[in-house]
Amino acid sequence: MVASSRGRKKQVQHKKKVVQKEIQEDLPQAAEPQAEESAVQKEPSTSKSVRIYADGIFDLFHFGHAKALEQAKKLCPNTILVVGCCNDELTHRLKGKTVLTEEERYESLRHCKWVDEVIRDAPWVVTPEFLEEHNIDFVAHDALPYADASGGGNDVYEVVKKLGKFKETKRTEGVSTSDIILRIIKNYNDFVLRNLARGYSRKELGLSLVREKRIRAQQSMKQLSKRMAEQRLKTLEQLRQGMTPKGKVRILPHDMEQGLKEFASGVEQLVDRLVNGELGQEMAQHADKFLNGVVSNVETSYSKFEQVLKKTLGMPLTRKRQPTRRAKTAALTGVAKGGVSKPTAALKPAQKRRKGVLW
């Protein structure tokens with residue numbers, strides 16, 4: 001029994017030694033991957049910075065622009081985002097009128113936290129020479145083909161895509177500069193009245209007197225239709241309740257109740273037409289025709305008056321009075337007979353007749 005117990009102890013000790021050796025052999029192998037992982041983690045901090053270029057007009061800078069620049073900034077771990085913005089002359093010639101000036105658009109980009117550098121007077125088409133001049137590694141933009149309005153090609157970024165230096169970003173749906181301008185145009189009258197209420201003059205807003213009165217009349221029509229709709233709802237609610245001030249039920253005759261219902265439905269249809277704009281459009285069309293006629297007549301009369309005034313001012317202030325036909329005839333007959341003509345005697349009847357007409 002003692003010998004068997006000693007043999008078991010030796011076996012246990014031998015197994016322990018074998019396990020310890022295996023652990024020591026495995027330890028260096030386990031430490032090597034950790035060293036590799038630490039080297040990979042340190043790589044971004046020692047890697048070279050990447051210069052990514054994004055360009056555009058950036059008119060009425062909004063969150064869609066900011067999101068696109070954020071995506072470009074986060075394309076690489078150590079990105080320097082360079083943003084190019086076209087000037088007014090190039091933009092107005094190739095794309096159209098902008099709301100903000102070039103200086104305002106440059107300043108909007110400088111205040112965006114994702115932007116590191118701003119390039120003024122950026123080119124419409126990105127060329128290899130431009131990339132080399134500014135040490136640009138990649139160009140970021142959405143993947144949709146952007147037509148080259150300058151006539152150089154089908155896509156502004158065609159050359160960059162062929163060079164393999166194009167990085168795709170995603171557009172933000174539902175917001176764009178064109179959409180914002182469209183909202184302002186659709187609610188033009190509301191914004192005009194808003195600025196008039198804030199102290200702007202119609203001259204500052206570029207409005208004629210007729211245009212201002214028309215906008216105010218349309219706004220009054222909208223307010224009237226709104227008040228009519230509210231009053232209709234109140235009246236219908238009172239009719240449904242059918243209660244007197246003391247709280248007693250008031251029973252109306254059947255004919256009167258039917259007449260009130262028909263009247264209420266007629267008013268409701270009229271108000272609905274006003275609210276929907278059908279009746280307002282008809283009235284506006286007639287009003288436009290009337291106002292256009294008045295304006296055209298005023299313009300015609302004014303132009304005629306202006307012509308007459310110019311002719312009058314162009315004439316001398318004092319003119320010699322032209323002799324009448326009878327005086328001319330008498331003078332000619334007197335000269336023909338060899339006698340001396342007397343213009344004063346010939347002018348007396350004409351002068352008497354003129355005084356009679358005037359007084």
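These exercises work through a predicted model, from its sheet to its pocket and two loop residues.

**Exercise 1. The sheet**

Give the strand order of the open sheet and find which strands stand at its edges.

*Solution.*
Step 1. The sheet is open and has five strands. Their order is β3-β2-β1-β4-β5, and the pairing is parallel.
Step 2. The edge positions belong to β3 (117–119) and β5 (166–169). Each has a single partner strand, so one side of each is left without a neighbour in the sheet.
Step 3. From one strand to the next, the twist averages 30°.

**Exercise 2. One strand pair**

State how many bridges join β4 and β5, and which residue stands opposite valine 139.

*Solution.*
Step 1. Strand β4 covers residues 138–142. Four bridges link β4 to β5 in the parallel sense.
Step 2. Opposite valine 139 is phenylalanine 166, in β5.

**Exercise 3. Helices on the sheet**

For α2 and α4, list the strands each helix lies across and give the angle to β2.

*Solution.*
Step 1. Take α2, residues 63–73. Helix α2 lies across β1 (50–56), β2 (79–85), β4 and β5. Its angle to β2 is about 140°.
Step 2. Take α4, residues 102–110. Helix α4 lies across β2 and β3. Here the angle to β2 is about 165°.

**Exercise 4. The largest pocket**

Describe the volume of the largest pocket and the residues closest to its centre. Then find the element that supplies the largest share of the lining, and sort the lining by residue class.

*Solution.*
Step 1. The volume is about 900 Å³.
Step 2. The lining holds 35 residues. Closest to the centre are Ile57, His65, Lys95, Tyr146 and Arg171.
Step 3. At least two lining residues come from each of β1, α2, β4 and α7 (177–186). Helix α2 gives the largest share, with five residues.
Step 4. By class, the lining has 15 nonpolar, 13 polar and seven charged residues.

**Exercise 5. Positive phi**

Locate leucine 60 and asparagine 135, and give the phi of leucine 60 and of asparagine 135. Is asparagine 135 buried or exposed?

*Solution.*
Step 1. Leucine 60 sits in the loop between β1 and α2. Its phi is positive, about 50°, although leucine 60 is not a glycine.
Step 2. Asparagine 135 sits in the loop between α5 (128–133) and β4. Its phi is near 55°, again a positive value in a residue other than glycine.
Step 3. The relative accessible area of asparagine 135 is 54%. The cut-off for exposed is over 50%, so asparagine 135 is exposed.

Key:
Residues are numbered from 1 along each chain as its sequence is written. This is a predicted model: local features need pLDDT of at least 70, side-chain atom pairs count only at pLDDT 80 or more; totals for chains, interfaces and linings use all residues. Side-chain values use heavy atoms; hydrogens and water are left out. Two strands pair if DSSP finds at least two bridges between them. Axes are lines fitted to C-alpha atoms, for helices over the stretch in contact, and angles run from 0 to 180 degrees between N-to-C directions. Contact means heavy atoms within 4.5 Å. On a 1 Å grid over the protein atoms alone, a cavity is a set of points where a 1.4 Å probe fits but cannot get out, and a pocket is an open set with protein on both sides within 12 Å along at least five of seven lines; lining residues have an atom within 4 Å of a point. Grid points are joined across faces, edges and corners, and a volume is the space filled by probe spheres set on the points. Ala, Val, Leu, Ile, Met, Phe, Trp, Tyr, Cys and Pro count as nonpolar, Asp, Glu, Lys and Arg as charged, and the others, Gly among them, as polar. Buried means under 20% relative accessible area, exposed over 50%, partly exposed in between (1.4 Å probe, protein chains only).
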